[in-house]
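Work through the exercises below with the sequence and the model open. Each task is followed by a solution in steps.

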Amino acid sequence: MSELAFRSIVDLSKSYKSGELSPVAVIDSCMKRVEQFEAKLGAFQALYTEDARKAAQAAEKAYQSGHRIGPFHGIPFALKDIIDVEGRVTTGGSKEMSHRISPGTATIARRLLAAGGILLGKTKTVEVAMGGWGTNERMGTPWNPWDLKIARTPGGSSSGSGVSVAAGLVGCAVGTDTGGSVRLPSAWCGLVGLKTSEGLLPTDGIIPLSHTLDTPGPMARCVDDVSLMFEVMAGRHPVDTDMDLELCEGLFGLRKTGIKGLRLGVLSEDEREVIDAEILALYDRAIEELRSLGAEISVFQMPMRFDDVKGATGSIIFSEGYFHHGQMYEDQNAQIDPYVRPR
């Protein structure tokens, strides 16, 4: 069951299509791990166990009768709990919003569901997604699964999404990234996370932090899985995405063509000075691997220092965060995270 829980979702998709595996078996494996580890890890804000099982049974019947929607059909996924699903509670990681019923379904969630994805539940987040460590004083902080003895930060704000995928509780998950909130938990939980460009994926139905910088993004255990999730979230037709899987086109094309000629920018010497030696060694090793595969490596010179960019980005995030949530945080009686209020 553990082996099944950690299989690539692309591999699951192909196994469903061939009849080797069924969505029911995969959902059962996820549920088994949830029963074993969720009490310790605390990745989920809400679980939709019965609905997920019903969806898996429906997907299995569809496959058996030849009615496969596409490559995401029957794939278990989770949503960060700032993403609306109509009729479900979306808390935004805030105790003050613990009874907030979603008025509609976010476009990215609707696309994943329409593609046949099975929503296992909503994952925990930093309150209103404002924080990179992944901690939440009121609603609970997920436990980084790589160390079950010492509570290590999972990275935020998409903390629950990172922990749930890393621990094999679910095949993939959606996070959101304003200043690092997909990238940080993906890095700290040993996953692949894609920071998408602003405006590339729709943000309707997502509780905002910064309407200028908020971006949803896929989180999974390998690049292929993130590619599949992205294609679905971007609204690609299932038949087209299915063809990409078979012929290695679209984002999957790199598996066939490689990265020869791909131009990649790397840090300048002055920016390298502030990085820990251990991290810098890993960074350099990755660059050499990319160069050996044919990528063209050149120094990327920012118009300003990264530290200055960080400050400017923070000004936007905090200003727009206050615009959206200031009234709640000005209420001294509100049950809010004491570490988020000063931000």
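Contact here means heavy atoms within 4.5 Å. The model is predicted, so local features need pLDDT of at least 70, side-chain atom pairs count only at pLDDT 80 or more, and totals for chains, interfaces and linings use all residues. Residues are numbered from 1 along each chain as its sequence is written, and side-chain values use heavy atoms, with hydrogens and water left out.

**Exercise 1**

Task: Find which residues Ser 94 touches, not counting residues up to four places away in sequence, and state whether Ser 94 is buried or exposed.

Solution.
1. Locate the residue: Ser 94 sits in the loop that links strand E2 (76-80) and helix H5 (107-114). Helices (H or I, at least four residues) and strands (E, at least two) are DSSP runs, numbered from the N terminus.
2. List the contacts: with residues up to four places away in sequence left out, Ser 94 touches Glu 127, Met 139 and Met 328.
3. Classify the accessibility. Buried means under 20% relative accessible area, exposed over 50%, and partly exposed in between (1.4 Å probe, protein chains only). Ser 94 counts as buried because its relative accessibility is 0%.

**Exercise 2**

Task: Describe how strand E3 is paired and how E3 is covered.

Solution.
1. Apply the pairing criterion: two strands pair if DSSP finds at least two bridges between them.
2. Take strand E1 (residues 44-47): 3 bridges join E1 to E3, and the two run antiparallel. Ala 46 has Lys 122 as its bridge partner in E3.
3. Take E2: its pairing with E3 is parallel, over 5 bridges. Here Phe 77 has Leu 119 as its bridge partner in E3.
4. Add the helix: E2, H5 and E3 form a right-handed β-α-β unit. A crossover is right-handed if, with the strands pointing away from the viewer, the path from the first strand over the helix to the second runs clockwise.
5. Check the cover: 6 of the 6 residues of E3 are buried, and the strand is mostly covered.

**Exercise 3**

Task: Inspect the backbone of the loop between strand E3 (118-123) and helix H6 (159-166) at Val 128, Ala 129 and Ser 157.

Solution.
1. Val 128 is not a glycine, yet its phi is positive, at about 45 degrees. Since its relative accessibility is 3%, Val 128 counts as buried.
2. Ala 129, also not a glycine, has a positive phi of about 65 degrees. Ala 129 counts as buried because its relative accessibility is 7%.
3. At Ser 157, look at the preceding bond: the peptide bond from Gly 156 to Ser 157 is cis, with omega near 5 degrees.
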